[in-house]
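Trainee: Could you take me through one part of this model, a pair of packed helices and what sits around them? I'd like the close-up view rather than the grand tour.

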Amino acid sequence: MRTEDFWQLIDEARAGGGGEPGPVAARAVALLAQRDPEDIIGYARHQTRVLAASHKADLWGAAYLINGGASADGFEHFRGWLMTQGRAVFARAVAEPDSLAELPQVRAASLSGEEFSAEQMLSVPWDAYRKATATELPADRDPVRTPDLNDFWDFDDEDEARRRLPRLAALFVEPPME
């Protein structure tokens with residue numbers, strides 16, 4: 001599966017999923033399950049590469065600020081949510097995590113405390129493969145390795161957050177008044 005095909009399927013799921021992560025994931029499963037099992041395997045491989053490419057310290061810091069904390073699983077689930085926002089938002093967030101401050105739902109979350117998570121997006125290829133074949137998705141024989149994040153910074157350090165993610169820090173370190 002090509003990059004364009006991966007994101008096109010997500011866009012189709014977004015269009016029919018109402019914008020909420022659960023329905024988007026369910027629609028992605030339904031759309032993907034209609035495809036050839038090799039396409040589903042290709043989607044799984046591409047999803048693994050997308051997640052590995054987005055495994056960055058500053059994006060983790062952004063997730064930490066936005067969600068009020070982010071464990072390793074929480075960061076995975078945040079990136080699942082980020083996938084539901086589409087290719088342009090995802091790519092921009094990976095390149096410039098502070099750009100997430102421009103999203104209306106992130107700005108609203110600075111007041112509401114809403115957290116962004118979509119664990120179900122991460123299981124789309126496994127659920128689709130099971131639905132299409134009644135068997136489990138084969139294990140990837142050539143897994144993608146995630147980068148070593150030795151350059152972590154203390155996400156609770158407000159000064160460092162302001163330096164690295166100034167727009168998000170303005171929203172979440174010192175949230176605006178209602």
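Mentor: Let's go to helix H4 (residues 57-67) and helix H5 (residues 72-83), whose axes come within 10 Å and cross at roughly 90°. Keep in mind that this is a predicted model. With that crossing angle, H4 is roughly perpendicular to H5. On the H4 side, the contact is made by Leu-59, Trp-60, Ala-63, Ile-66 and Asn-67. H5 answers with Ala-72, Phe-75, Phe-78, Arg-79 and Leu-82. Sort those residues by class and you get 8 nonpolar, 1 polar and 1 charged.

Now for a third helix, H7 (residues 104-112), where Val-106, Ala-109 and Ser-110 are buried. Look down the axis of H7 and these buried residues fall within an arc of 105°, so they line one face of the helix. The general background is handy here: an α-helix has 3.6 residues a turn, so residues three or four places apart point the same way. What do the buried residues of H7 pack against? They pack against H4 and H5, our starting pair, and also against helix H11 (166-172). Flip to the other side of H7 and you find Pro-104 and Ser-112, which are exposed. Just after H7 comes Gly-113, with a positive phi of about 85°.

Back to H5 for a residue that isn't in the list of contacts with H4. His-77 has its place in H5, and it's buried because its relative accessible area is 17%, under the 20% cut-off. Which residues does His-77 touch, leaving aside its neighbours within four places in sequence? Those are Ser-117, Ala-118, Glu-119 and Leu-122.

H4 has a link of its own to follow, through Asp-58. The partner is Arg-164, found in helix H10 (residues 158-164). Asp-58 and Arg-164 are 106 residues apart along the chain, yet their C-alpha atoms are separated by 7.4 Å. A polar contact of 3.0 Å joins the two side chains. As for solvent, Arg-164 is partly exposed, with a relative accessible area of 27%.

So, to put the picture together: H4 and H5 cross at roughly 90°, the buried residues of H7 pack against both of them as well as H11, and the side chain of Asp-58 is joined to that of Arg-164 by a polar contact.

Key: Residues are numbered from 1 along each chain as its sequence is written. This is a predicted model: local features need pLDDT of at least 70, side-chain atom pairs count only at pLDDT 80 or more; totals for chains, interfaces and linings use all residues. Side-chain values use heavy atoms; hydrogens and water are left out. Axes are lines fitted to C-alpha atoms, for helices over the stretch in contact, and angles run from 0 to 180 degrees between N-to-C directions. Helices (H or I, at least four residues) and strands (E, at least two) are DSSP runs, numbered from the N terminus. Angles under 35 degrees count as roughly parallel, over 145 as roughly antiparallel, 65 to 115 as roughly perpendicular and the rest as oblique. Contact means heavy atoms within 4.5 Å. Ala, Val, Leu, Ile, Met, Phe, Trp, Tyr, Cys and Pro count as nonpolar, Asp, Glu, Lys and Arg as charged, and the others, Gly among them, as polar. Buried means under 20% relative accessible area, exposed over 50%, partly exposed in between (1.4 Å probe, protein chains only). The arc is that of the directions from the helix axis to the C-beta atoms. A polar contact is a pair of N or O atoms within 3.5 Å; within protein, one must be able to donate a hydrogen and the other to accept it, and residues adjacent in sequence count only if both atoms are side-chain atoms.
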